[in-house]
Amino acid sequence: MHVGRKSAAVGALALVTLVAGLWEFGRPKPARQRDVSARRSVYSAFPVFPGATMDHERSYEIRSEDSDGTGRYGLAVTYRLPATATSADVVEFLRSNSPPGWHEATDETCARLQARAQGPPRSAPVVGSPPPGPPPTVSSAPLVLTRRDDELTIFTAHGDDAADGTLSGLTFRISRSGQDAFLTLDGPTFGCQPITQGR
């Protein structure tokens, strides 16, 4: 009987240790908690589309262009839309209900990014100094926003001009899976393209 109690106690201790280890291992890092909390506060500035229900959310580490971890985290939150909702309905609702101080990505957003990529105006060379290097490679054609009917990118005031290069805003993306339509909120993503004739 004494051996049975001892075995039960050892088993219970092992179970508690295992659960505590899993809890510690599974807890998000402080950076993830901070970043996810910040993204949630950004998303909560916007009302939920009428009739939409939360489907799922996913946090992830933001990767650099070289696919290395940056130590910063994003959050994607997806809502299931009512069967009758169209992309146009959802985009119009979001545009009409943007909080004060937020603005939609436009052609001007692309123009600002292009100007920033070109850098400050180059000064005239000083006599006796080595010749200046070539200018940065940037398209000479003006850039305009790549428009999609199922996406909307919105920034906080001056969010697309953040000094640290991060973009303070979000993108709403509408997609279908079978018969169901979904709305996903995620970090700001948008495309710019050179202006074309006939535009």
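**Entry 1. Secondary structure**

I counted the elements of the chain and found four helices and eight strands. The model is a predicted one. Reading from the N terminus, I noted the order α-α-β-β-α-β-α-β-β-β-β-β. I then looked at how the contacts are spread along the sequence. Among contacts with a separation of 6 or more, 66% join residues 24 or more positions apart.

**Entry 2. Surface and burial**

I looked up the burial of the whole chain, which has 199 residues, and 27% of them count as buried. The exposed area comes to about 13300 Å². Carbon and sulfur atoms supply 59% of that area.

**Entry 3. Nonpolar cores**

Which residues have the most contacts inside the largest nonpolar core? I listed Leu81, Val90, Leu170, Phe172 and Leu183, in a core of 24 residues. At least two residues of this core come from each of helix 2, strand 2 (69-80), helix 3, strand 5, strand 6 (169-177) and strand 7 (180-186). Helix 3 supplies the largest share, four residues. I also noted another core, apart from this one, with five residues, including Ala105, Cys110, Leu143 and Phe155. As background, nonpolar side chains in soluble globular proteins tend to be buried together.

I went back to Leu81 and set aside its neighbours within four places in sequence. The remaining contacts of Leu81 are Phe49, Ala52, Val90, Ile174, Ala181, Phe182 and Leu183. Of these, Val90 and Leu183 are also on the list of residues with the most contacts inside the core.

**Entry 4. Second largest pocket**

I looked up the volume of the second largest pocket and got about 290 Å³. Its lining has 17 residues, and Leu145, Arg147, Arg148, Glu151 and Leu152 are the closest to the centre. Two elements give two or more residues to the lining, helix 3 (87-96) and strand 5 (151-155). Which element gives the most to this lining? Helix 3 does, with four residues. Sorted by class, the lining holds six nonpolar, five polar and six charged residues. I noted that helix 3 and strand 5 appear here and also among the elements that supply the largest core.

**Entry 5. Asp35**

I picked Asp35, which is found in helix 2 (residues 30-43). Is Asp35 buried or exposed? Its relative accessible area is 13%, under the 20% cut-off, so Asp35 counts as buried. Leaving out residues up to four places away in sequence, Asp35 touches Gly71, Arg72 and Tyr73.

**Entry 6. Ser67**

I checked backbone angles and stopped at Ser67, where phi is near 70°. That is a positive value in a residue other than glycine. Where does Ser67 lie? I placed Ser67 in the loop between strand 1 (53-63) and strand 2. Ser67 counts as exposed because its relative accessible area is 52%, and the cut-off is over 50%.

**Entry 7. Thr106**

I found Thr106 in the loop between strand 3 (103-104) and helix 4 (107-118). Its relative accessibility is 25%, so Thr106 counts as partly exposed. I then took the C-alpha to C-alpha distance from Thr106 to Val144 and got 7.6 Å. In sequence, Thr106 and Val144 are 38 residues apart.

Technical notes
Residues are numbered from 1 along each chain as its sequence is written. This is a predicted model: local features need pLDDT of at least 70, side-chain atom pairs count only at pLDDT 80 or more; totals for chains, interfaces and linings use all residues. Side-chain values use heavy atoms; hydrogens and water are left out. On a 1 Å grid over the protein atoms alone, a cavity is a set of points where a 1.4 Å probe fits but cannot get out, and a pocket is an open set with protein on both sides within 12 Å along at least five of seven lines; lining residues have an atom within 4 Å of a point. Grid points are joined across faces, edges and corners, and a volume is the space filled by probe spheres set on the points. Ala, Val, Leu, Ile, Met, Phe, Trp, Tyr, Cys and Pro count as nonpolar, Asp, Glu, Lys and Arg as charged, and the others, Gly among them, as polar. Buried means under 20% relative accessible area, exposed over 50%, partly exposed in between (1.4 Å probe, protein chains only). Contact means heavy atoms within 4.5 Å. A nonpolar core is a set of buried Ala, Val, Leu, Ile, Met, Phe, Trp, Tyr and Cys residues joined through side-chain atoms within 4.5 Å. Accessible areas come from the Shrake-Rupley method with a 1.4 Å probe; for residues, only the protein chains shown count as cover.
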